[in-house]
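Here's a quick tour to read alongside the model. Keep the 3D view open and find each spot as it comes up.

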Amino acid sequence: MLDGYRILDLTDDRGHLAGMLLAQLGAEVVLCEPPSGHRTRHRGPYVDDVTDPERAIEFLVYNRGKHSVVIENPAQITELAAGCDAVVSCGAFDVDLDALRAASPQLVTAAITPFGETGPKTAWAATDLTIAASSGTMSLTGDRDRAPVRIGPPQTWHNAAVDTAGAILMALHERQTSGLGQHVDTSAQQSFVDCTQFQMMAVLTGGEVPVRLPGAVNLGGFLIPWVYECADGYVTVTFLFGPMIAPFTSRILSWACEEGFCEPELRDKDWVDFGMAIVEGRESMDTFDQAIKALTSFVATKTKAELLERALADNLLIAPITTTADVLALEHLDVRDYWQQVEMPRADGPAPVRLCGALAKTTGEPLADLPVAPRLGEHTAHYLGSGSSAGPVITARPRAEAAPAGQQMERPLDDIKILDFMWALAGPGATRTLADYGATVVKVESELKPDVLRGVHPFIGEEGGQENALQFHSINAGKMDLTLDLSLPEARAVILDLVAWCDVLTESFSPKAMENWGLTYEVLREVNPELVMFSSCLMGQTGPMRMYAGFGTMAAAIAGFYPVTGWPDRIPAGPFTAYTDYISPKLGVMLILSALAERDRTGRGQHIDFAQMEGALHFLATEFADEEINGRTAGRAGNADRHMCPHGVYPAAGDDRWVAIACETEAQWDALAALMAEAAAGNAELEQALDSLSAGANGGLANLDADGRRAHAEAIDAAVTAWTEPQAAADIEAALQACGVPAHRVNDAADLMADPQIVARDHFLSVPHAKHGHTWVENSNFELSRTPGRPLWGGPMFGEHNMEVLEGILGYDADKIAELVIAGALA
């Protein structure tokens, strides 16, 4: 898809996923490394546990398909950048991106930073742990009687990396018109706010501050567990109510009733209306509690395999919580030929190893099978030696001349038109981002079968209603709404007219839905041969689990995120609810823009089959490779880290107040140790903890290198706890940041709204809304310097833009619209 683009990759683990995925999509990616090598070359796990920079698994999985160039001096980066289309940086090299663009005005540059390049926290030290704390996600993750936890393997940088890759593709698309590059500024904090699923916004409209619940969520007063213990492990069960979910709820209760775990009266409740019945006093919460107890007892009698088999047969919202070993053994992935065999250096010589495969399947050219990651400096001579080929990109990607003033697009996607059948969260998030940056998005829905997010908390004024849901308002901001009853031929005719109009059609139903409406890609491309169709569902359009409908909670369970989140002696806490629903839109933006890039080059459209679960596996790629190579199954470790110590979330003064602290370097540890030693004089508990630690360290705290600190992790945590517990989180944060130590309070919803960085970057916006006058939405996670984007209005009301679409876009006259009304098509 991206043939002809060259990307200069200046990242380390804080962004290396971006370059790898761009390489998979067809770009030529040149990885710059210092003489000592990428920092992930020097940390485990290693292939066969043999310590060797060329066998470091994290480097091997996230740098496949790249070309390694060793950088000896800054001028070499300038030389390389002159022959590239885009440069992505994370601070691994001290490089002036503004100067690179000044020298090459057509260059797109991108910076991934913890908090963005503007605002009061731009210079703050940060790690994955402290960014997770700053984003609000950590306040929602873990057990109430313990410290909040992060998702075990680092996730914040991956989220920011994929956002950045999508933004680069937007800028490259716009460059085709303007001939000019620009700069992308991505905030990892804002990228990870996505993973709160809009729950932070509850406080903006009078709601309560949400709290963490292990394997559960509180939705509008309903404590809804996601994680249930079964006979051989854990599963997730989605037990909700309302028109979209009630049929699933009824079916699982029918099975429980069939086996004697609940009475027919419970099974036969009106689960569609149950939420409203509670509000109006027609039902009791006791009924809900009875249902949860019945399910808990019932599920405990079944194995994961039994539950999954019945879920597939009867369309139930049940998913096994799988380990890394389980995922590698999943038949569905083998049938879809997901895993890529890559030659790896093994103890007995090179051997094929299964690594994460293609992001999606396409009807166009398949995504690249990426070769093994490069050896250090393997391609230096090719790019920097005599006869270097680091010149202009190949002619398949001609660069436009700079457009005259006044003829450039205000937003980078102003020329893109999208017909949007997405619903719930994972799909609409992608089209929301595209709308922010200029795409005209027509969302198709029906009042007869409303989008599930119209009924999900939080609500404006805490008042339920299909036009009041903040999640819907935010995830569908900037879109036009057209209501159609697609069971009618008159409505289908409207759709085909819109297919002729649009560049992209997106849908996130189960595979049979578009087939049932007669709207398959084969039909649609007859209407528009250049159409890009993007299908996003849980498990993909093919394979034995293709009809497995569900939500991101289920995909996160199947993809392996639950077993690595939480405490080893407790149930899997899980990422906060639907984690893959937060990843998938970012990946969807990349795929859609890449397909448009191929269409612009070749004139051909294509159908993209994106399985949300498969895309998410890349966020745990190191863990799957470690399982495949070393047989090591990833598990829960609280907030402990493989490389850093101390690395934890520590109590601060006040109720449920916490601060995340991580020492990545010896200097940071020395600074923290000095602060603790200074405070010990008036703190007997701290003094005792430090004395105990010093005695164990055989020579004092200053002699503890990283390995030594990990060996004394328990004693270090006790000392840090004694130091933090009497202090306010803000004071701890300020003292450590002043010394260059990564630290951040664990922001809850109220903290996040007041966070000066979030405020400075306008992350939460008040935008117009047809019913309420205004509503709250989340802003974009990145900023483009020359063609910025932002949401223009809140998620639309049912049919709000019917006339605008029918008259303005399709040119229908009054008689034709009247015929549609009479036929009942506009419903």
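Helices and strands here are DSSP runs, with helices (H or I) of at least four residues and strands (E) of at least two, numbered from the N terminus. With that naming in hand, Pro 458 turns up in the loop between β16 (440-445) and α17 (470-475). Bear in mind that you're looking at a predicted model.

**The overall build**
- The chain has 33 helices and 26 strands.
- Its radius of gyration is 26 Å, and the globule rule gives 28 Å for 827 residues, so the chain is as compact as a globular protein of that length.
- If you lay the C-alpha trace along its principal axes, it spans about 85 × 70 × 55 Å.
- Take the contacts with a separation of 6 or more: 75% of them are between residues 24 or more positions apart.

**Inside and outside**
- Of the chain's 827 residues, 62% count as buried.
- The chain exposes about 28500 Å², and 51% of that comes from carbon and sulfur atoms.
- There are 58 positive and 112 negative charges, and the mean positions of the two sets sit 3 Å apart.

**The nonpolar cores**
- The largest nonpolar core holds 227 residues, and the ones touching the most other members are Leu 419, Phe 421, Tyr 548, Phe 561, Tyr 579, Met 613 and Leu 617.
- Helix α22 (residues 579-602) gives this core its largest share, twelve residues.
- Want to zoom in on one member? Try Phe 561: leaving out residues up to four places away in sequence, its contacts include Ile 151, Gln 155, Pro 575, Tyr 579, Ile 583 and Phe 619.
- There's also a second, separate core of 30 residues, with Cys 663, Met 676, Ala 680 and Ile 716 among them.

**A closer look at Cys 230**
- You'll find Cys 230 in strand β9 (residues 227-230).
- Is Cys 230 buried or exposed? Its relative accessible area is 6%, and buried means under 20%, so Cys 230 is buried.
- Skipping residues up to four places away in sequence, Cys 230 touches Val 235, Val 299, Ala 300, Lys 302, Thr 303, Lys 304 and Leu 307.
- Val 50 is 180 residues from Cys 230 in sequence, and their C-alpha atoms are 38 Å apart in space.

**Two cis peptide bonds**
- The peptide bond from Gly 44 to Pro 45 is cis, with omega near 5 degrees.
- Pro 45 belongs to the loop between β2 (28-33) and α2 (57-62).
- His 457 and Pro 458 are also joined by a cis peptide bond, with omega about 5 degrees.

**Two residues with positive phi**
- Asn 315 isn't a glycine, but its phi is positive, near 60 degrees.
- Where is Asn 315? Look in the loop between α12 (304-314) and β11 (318-320).
- Asn 315 has 28% relative accessibility; partly exposed covers the range between under 20% and over 50%, so that's how this residue counts.
- Asp 762 has a positive phi too, about 55 degrees, although it is not a glycine either.
- The loop between α31 (756-760) and β24 (764-769) is where Asp 762 lies.
- With a relative accessible area of 37%, Asp 762 is partly exposed.

Methods. Residues are numbered from 1 along each chain as its sequence is written. This is a predicted model: local features need pLDDT of at least 70, side-chain atom pairs count only at pLDDT 80 or more; totals for chains, interfaces and linings use all residues. Side-chain values use heavy atoms; hydrogens and water are left out. The radius of gyration is taken over C-alpha atoms; the globule rule is 2.2 Å times the number of residues to the power 0.38. Buried means under 20% relative accessible area, exposed over 50%, partly exposed in between (1.4 Å probe, protein chains only). Contact means heavy atoms within 4.5 Å. Accessible areas come from the Shrake-Rupley method with a 1.4 Å probe; for residues, only the protein chains shown count as cover. Lys and Arg count as positive and Asp and Glu as negative; His and the chain ends are not counted. The place of a charge is taken as NZ of Lys, CZ of Arg, CG of Asp or CD of Glu. A nonpolar core is a set of buried Ala, Val, Leu, Ile, Met, Phe, Trp, Tyr and Cys residues joined through side-chain atoms within 4.5 Å.
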